[in-house]
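Student: Could you take me on a close look at one helix here and the core it belongs to, and then show me how the rest of the chain is arranged around it? I am new to this, so please go step by step.

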Amino acid sequence: MAQTTSDTTPAVTAPPVPWMAPDADWVEAWLANLATARRLSAHTLAAYRRDMAAFSAWAQSASMTRFASLDTHHIRTYAACAHRDGLDPRSIQRRLSSLRTFFNYLLREGHLKRNPAVDVMAPKAARRLPEAIDVDRMTRLLEAPAPSGSTDGPLQTRDQAMMELFYSSGLRLAELVGLDLTTLDLQDRTVRVTGKGGKTRIVPVGGKAIEACRAWLSIRSTIAKADEVAVFVGRNGQRIGTRAVQLRVARWARLRGLDVHVHPHLFRHSFASHLLESSHDLRGVQELLGHANLSTTQVYTHLDFQHLAKVYDAAHPRARRRKD
């Protein structure tokens, strides 16, 4: 059974893995190792357990009961069966990743001689294009007066600063929540952000966001605890959580009459789309978003390949043809 790694996190229960003994003990030992060595959360451990249970059920239906008897053909067949049964390619990819992690553990323990899942790939998943809202609706979200009786003092000022900063600088939710007072430079009009993989980038902050942040920082001390370093805090005076931000953003979208579900990531995509429409600077948008690969930005901003090729041809010194 999966255990928690924190006294404050409730245990997440899951059905036992239906693998026949003695190999069932290896699954439990692996999960215990993940909990202690990698300190994974109870929810992550429960997900690993579900992935192993799904694979184990399939393997037993194929009359396989020992891990040592598995080879790459078996894993490929499992992935193909899951795809045939309608499982989403991303889910298949996650299951294969769980298997690779587990088999690597068995390799380290000397129970296997090779990892049978190492060369097995999931079917390609269609890349989903995030949605954006147009400039008019974004302006309405940020500037429309709140209905009478819906204001809540400092929290409204804080929410306005968060939304303006989301749209001004294209921050991810985790990046905004993780901001400390030392990372926001209103004088220089920049914010230092720690993104995925611990990578740091400096992003400009627009005039409206500067005004909103100044207004919030001027009253922040009425809520924040004396030793709290986070830019944005919750009612308890400590760093605000991601779920609270999601709920507050959705609340203001409803109060201001938007007809779409608004969430923090929608600000980021709208930022990128609107900036690209105005500047046509794909590389600049990539840097602002903190994307490692240009292809990620291409998908993120609804660019088709033809437009991307035009941008490349116009911008790259080795792509432009010399005039005769």
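Tutor: Happy to! One word needs fixing before we begin: a residue is called buried when its relative accessible area is under 20%, exposed when that value is over 50%, and partly exposed in between. By that rule, 42% of the 324 residues of the protein count as buried. Please keep in mind that this is a predicted model. It holds 13 helices and 3 strands. Among contacts between residues at least 6 apart in sequence, 62% join residues at least 24 apart.

Let's go to helix H9, which covers residues 242-255. With 14 residues at 1.5 Å a residue, H9 should span 20 Å, and its end C-alpha atoms are indeed 20 Å apart, so the two values agree. The buried residues in H9 are Val-245, Arg-248, Val-249, Ala-250, Trp-252 and Ala-253. After the helix comes Gly-257, with a positive phi near 75 degrees.

Now pause at Arg-248, which sits in H9. Its relative accessible area is 11%, and because buried means under 20%, Arg-248 counts as buried. What does its side chain do there? It makes a polar contact of 2.6 Å with the side chain of Asp-159. Setting aside neighbours within four places in sequence, Arg-248 touches Asp-152, Leu-155, Gln-156, Arg-158, Asp-159 and Arg-235.

Val-245 of H9 leads us to the core. The largest nonpolar core has 41 residues, and Val-245 is among those with the most contacts inside it, together with Leu-141, Leu-165, Phe-232, Val-262 and Phe-267. H9 is one of the elements that each supply at least two residues of this core; the others are H5 (135-143), H6 (154-169), H7 (173-177), strand E2 (190-194), H8 (207-219) and H10 (264-279). The largest share, 6 residues, comes from H6. As a general point, nonpolar side chains in soluble globular proteins tend to be buried together.

Val-262 ties several of these pieces together. Apart from neighbours within four places in sequence, Val-262 is in contact with Leu-141, Val-249, Ala-250, Ala-253 and Phe-267. Of these partners, Val-249, Ala-250 and Ala-253 are buried residues of H9. A second, separate core has 30 residues, including Met-64, Leu-99, Leu-106 and Ala-117.

How do two of the contributing helices, H5 and H6, sit against each other? They pack at an angle of about 155 degrees, with their axes 10 Å apart. Since angles over 145 degrees count as roughly antiparallel, H5 is roughly antiparallel to H6. On the H5 side the contact is made by Met-138, Leu-141 and Leu-142, and on the H6 side by Gln-160, Met-163, Glu-164 and Tyr-167.

For a contrast, try H1 (residues 23-37) and H4: their axes come within 10 Å and cross at roughly 100 degrees. Angles of 65 to 115 degrees count as roughly perpendicular, so that is the word for H1 and H4. Here Trp-26, Val-27, Ala-29, Trp-30 and Asn-33 of H1 meet Ser-98, Thr-101, Phe-102, Tyr-105, Leu-106 and Arg-108 of H4. You have already seen Leu-106, which belongs to the second core.

H4 also helps to cover another helix, H3: what lies over the buried residues of H3 includes H2 (42-61) and H4 (89-108). Those buried residues are Thr-72, His-74, Ile-75, Tyr-78, Ala-79, Cys-81 and Ala-82. H3 (residues 72-84) has 13 residues and reaches 18 Å from first C-alpha to last, close to the 18 Å expected. At its start, a side-chain oxygen of Asp-71 comes to within 3.1 Å of the backbone nitrogen of His-73. H3 is followed by Gly-86, whose phi is positive, near 95 degrees.

We can finish at the strands. Val-203 lies in strand E3 (residues 200-204). Its relative accessibility is 1%, so Val-203 counts as buried. Its C-alpha is 9.9 Å from that of Leu-184, 19 residues away along the chain. In the loop between strand E1 (184-185) and E2 you will find Arg-189. At 41% relative accessibility, Arg-189 is partly exposed. Its phi is near 60 degrees, a positive value in a residue other than glycine. Most residues other than glycine have a negative phi.

Note on methods: Residues are numbered from 1 along each chain as its sequence is written. This is a predicted model: local features need pLDDT of at least 70, side-chain atom pairs count only at pLDDT 80 or more; totals for chains, interfaces and linings use all residues. Side-chain values use heavy atoms; hydrogens and water are left out. Helices (H or I, at least four residues) and strands (E, at least two) are DSSP runs, numbered from the N terminus. Buried means under 20% relative accessible area, exposed over 50%, partly exposed in between (1.4 Å probe, protein chains only). A polar contact is a pair of N or O atoms within 3.5 Å; within protein, one must be able to donate a hydrogen and the other to accept it, and residues adjacent in sequence count only if both atoms are side-chain atoms. Contact means heavy atoms within 4.5 Å. The expected span of a helix is 1.5 Å times one less than its number of residues. A nonpolar core is a set of buried Ala, Val, Leu, Ile, Met, Phe, Trp, Tyr and Cys residues joined through side-chain atoms within 4.5 Å. Axes are lines fitted to C-alpha atoms, for helices over the stretch in contact, and angles run from 0 to 180 degrees between N-to-C directions. Angles under 35 degrees count as roughly parallel, over 145 as roughly antiparallel, 65 to 115 as roughly perpendicular and the rest as oblique.
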